[in-house]
Each structure stands twice: as C-alpha cells, then as structure tokens.
Amino acid sequence: MNPIPLEIGKYYHIFNRGNNGIDLFFETEKYNHFLRLYTKYIDPVADTYAWCLMKNHFHILVYKKNRRNR
C-alpha cells in the first residue's frame, strides 16, 4: 500500500485500534510512551486540536502546519 501524504493547511482525523479490538495500552506507562513519541514526531509538523486515548483505540484531530510555521 502506498501512503497518501498529508497536505499542508488541512485538518485530519487520525485513528487506529488494536487488531480484533485488542488493547493498545496495557498500563499507564504505555499511554505516556505514546504521548512522548507523539510530541517528538507530530508536534513539529501538526497542531493538535483534540485527542482521546482509550485502551484499545485512539482518535486525534490535527491540522498540518505550513512549513513557515515550523
């Protein structure tokens, strides 16, 4: 599958869930680890407007920043 790049200046609802509904986050530290990685890789390129982390899935609403806003 070829990934579709996110376009600058657009909003995106990003979500994922565990295979067959299995848990993604087994303990509090797993949530924290996810958020640390999110901060490292997503914050530089997108503004986060909403997020919800649940045991077996997550939802995130982001706005892809303009290159000038980095």
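A residue is called buried here when its relative accessible area is under 20%, exposed when that area is over 50%, and partly exposed when the value falls in between. With this vocabulary in hand, the reader can turn to the structure itself, which is a predicted model, and begin with its aromatic side chains.

Phenylalanine 34 and tyrosine 38 are both buried, and the rings of these two residues form an aromatic pair. Across the structure as a whole there are six aromatic pairs. In the one made by phenylalanine 34 and tyrosine 38, the ring centres lie 6.4 Å from each other and the planes differ by 20 degrees, an arrangement that is stacked. The word stacked applies because the angle between the planes is under 30 degrees. As for their place in the chain, phenylalanine 34 and tyrosine 38 both belong to helix α1, which covers residues 28–41, and since they are four residues apart in that helix, about one helical turn separates them. The pair also belongs to a wider group, for ring pairs join Phe25, Tyr31, Phe34, Tyr38 and Phe58 into a cluster.

From the aromatic rings we can pass to the charged side chains. Side chains of opposite charge can pair when their charged atoms come close. How many salt bridges does a search of the whole structure find? The search finds four, and three of them are followed here, in sequence order.

One is formed by glutamate 7 and lysine 10, whose closest N and O atoms are 3.2 Å apart. Glutamate 7 has a relative accessibility of 44% and therefore counts as partly exposed, while lysine 10, with a relative accessible area of 40%, is partly exposed as well.

Another salt bridge brings together the side chains of glutamate 29 and arginine 36, with 2.5 Å from N to O. Glutamate 29 is partly exposed, because its relative accessibility is 39%, and arginine 36, at 46%, is likewise counted as partly exposed.

In a further salt bridge, the side chain of aspartate 47 meets that of lysine 65, the N to O distance being 3.7 Å. Aspartate 47 sits in strand β2, which spans residues 46–54, whereas lysine 65 sits in the segment that follows β3 (57–64), so this salt bridge ties together parts that are 18 residues apart in sequence. Which of the terms buried, partly exposed and exposed fits each partner? Aspartate 47 is partly exposed, because its relative accessibility is 30%, but lysine 65, at 15%, counts as buried.

How values were computed
Residues are numbered from 1 along each chain as its sequence is written. This is a predicted model: local features need pLDDT of at least 70, side-chain atom pairs count only at pLDDT 80 or more; totals for chains, interfaces and linings use all residues. Side-chain values use heavy atoms; hydrogens and water are left out. Rings of Phe, Tyr and Trp (its six-membered ring) pair if their centres lie within 6.5 Å; planes under 30 degrees apart count as stacked, over 60 as edge-to-face and the rest as tilted. Helices (H or I, at least four residues) and strands (E, at least two) are DSSP runs, numbered from the N terminus. Buried means under 20% relative accessible area, exposed over 50%, partly exposed in between (1.4 Å probe, protein chains only).
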